[in-house]
Amino acid sequence: MSEISRDQVAHLAKLSRLAIPEDEMDHYAEQLDSIIGHISSIADVKEAADVEPMSHPAALFAAMRDDVVEPGLTAEQALDQAPSVDQDRFEVPQILGE
């Protein structure tokens with residue numbers, strides 16, 4: 001029998017606003033007891049000062065390229081296919097007030 005009672009499951013269900021049928025209370029009690037058991041096993045971990053902290057259980061490699069400055073388009077090249085240009089800028093229809 002689990003350490004979590006049917007009454008505790010019913011109370012948690014009420015707090016969580018869940019409608020758990022009576023015939024499933026024992027099943028949920030066993031599951032909650034198992035979850036609490038797994039979480040409480042963390043307290044059994046001995047000092048781990050020599051273990052390097054990690055943010056992910058698997059080593060991740062970020063494949064990134066070198067940041068190299070390359071020449072871009074000139075203003076003339078960028079604007080040569082624009083339907084409308086005004087003062088070396090793209091001209092677009094006005095969409096907000098004045």
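Arg6 and Asp26 join their side chains in a salt bridge, at 3.3 Å from N to O. That pair ties together distant parts of the chain, with Arg6 in helix 1, Asp26 in helix 2 and the two positions 20 residues apart. Keep in mind that this is a predicted model. Here's the rest of the picture, by topic.

**The Arg6 salt bridges**

- The structure has two salt bridges, and the other one pairs the side chains of Arg6 and Glu22 at 2.8 Å, N to O.
- This pair also links distant parts of the chain: Arg6 belongs to helix 1, while Glu22 lies 16 residues away in the loop between helix 1 and helix 2.
- Put together, Arg6, Glu22 and Asp26 make a salt-bridge network.
- How open are these three to solvent? Arg6 is partly exposed, at 30% relative accessible area, and Asp26 is partly exposed too, at 36%.
- Glu22 comes out at 54%, so it counts as exposed, the cut-off being over 50%.

**Nonpolar core**

- Which residues make up the largest nonpolar core? There are six of them: Ile4, Val9, Ala13, Ile20, Met25 and Ala29.
- Helix 1 (6–15) and helix 2 (25–40) are the elements that each put two or more residues into this core.
- Ile4 reaches well along the sequence: leaving out neighbours within four places, its contacts are Val9, Ala29, Leu32, Asp33 and Ile36.
- As a rule, nonpolar side chains in soluble globular proteins tend to be buried together.

**Nonpolar patch on the surface**

- Some nonpolar residues sit on the outside here: Ile35, Ile39, Ile42 and Val45 form a surface patch, with about 410 Å² of accessible area together.
- Val45 is found in the loop between helix 2 and helix 3 (75–79).
- Is Val45 buried or exposed? Val45 has a relative accessible area of 58%, so it is exposed, the cut-off being over 50%.

**Overall build**

- The fold has three helices and zero strands, giving an α-α-α pattern along the sequence.
- The radius of gyration is 31 Å, whereas a compact globule of 98 residues would be near 13 Å.
- Along the principal axes, the C-alpha trace spans about 80 × 50 × 20 Å.
- Just 9% of the 98 residues count as buried.
- The accessible surface adds up to about 9,700 Å², and carbon and sulfur atoms account for 55% of that.

Note on methods. Residues numbered from 1 in each chain as written. Predicted model: local features only at pLDDT ≥ 70, side-chain atom pairs only at ≥ 80, totals over all residues. Heavy atoms only, no water. Core = buried A, V, L, I, M, F, W, Y, C linked by side-chain atoms within 4.5 Å. Buried < 20%, exposed > 50% of the residue type's maximum accessible area, 1.4 Å probe, protein only. Helix = DSSP H or I, 4+ residues; strand = E, 2+ residues; numbered from the N terminus. Contact = heavy atoms within 4.5 Å. Patch = residues over 30% accessible without salt bridge, like charges linked within 9 Å, V, L, I, M, F, W, Y side chains within 5 Å. Areas by Shrake-Rupley, 256 points an atom, 1.4 Å probe, with all protein chains shown as cover. Salt bridge = Lys/Arg side-chain N within 4 Å of Asp/Glu carboxyl O. Rg over C-alpha atoms; globule rule 2.2 N^0.38 Å.
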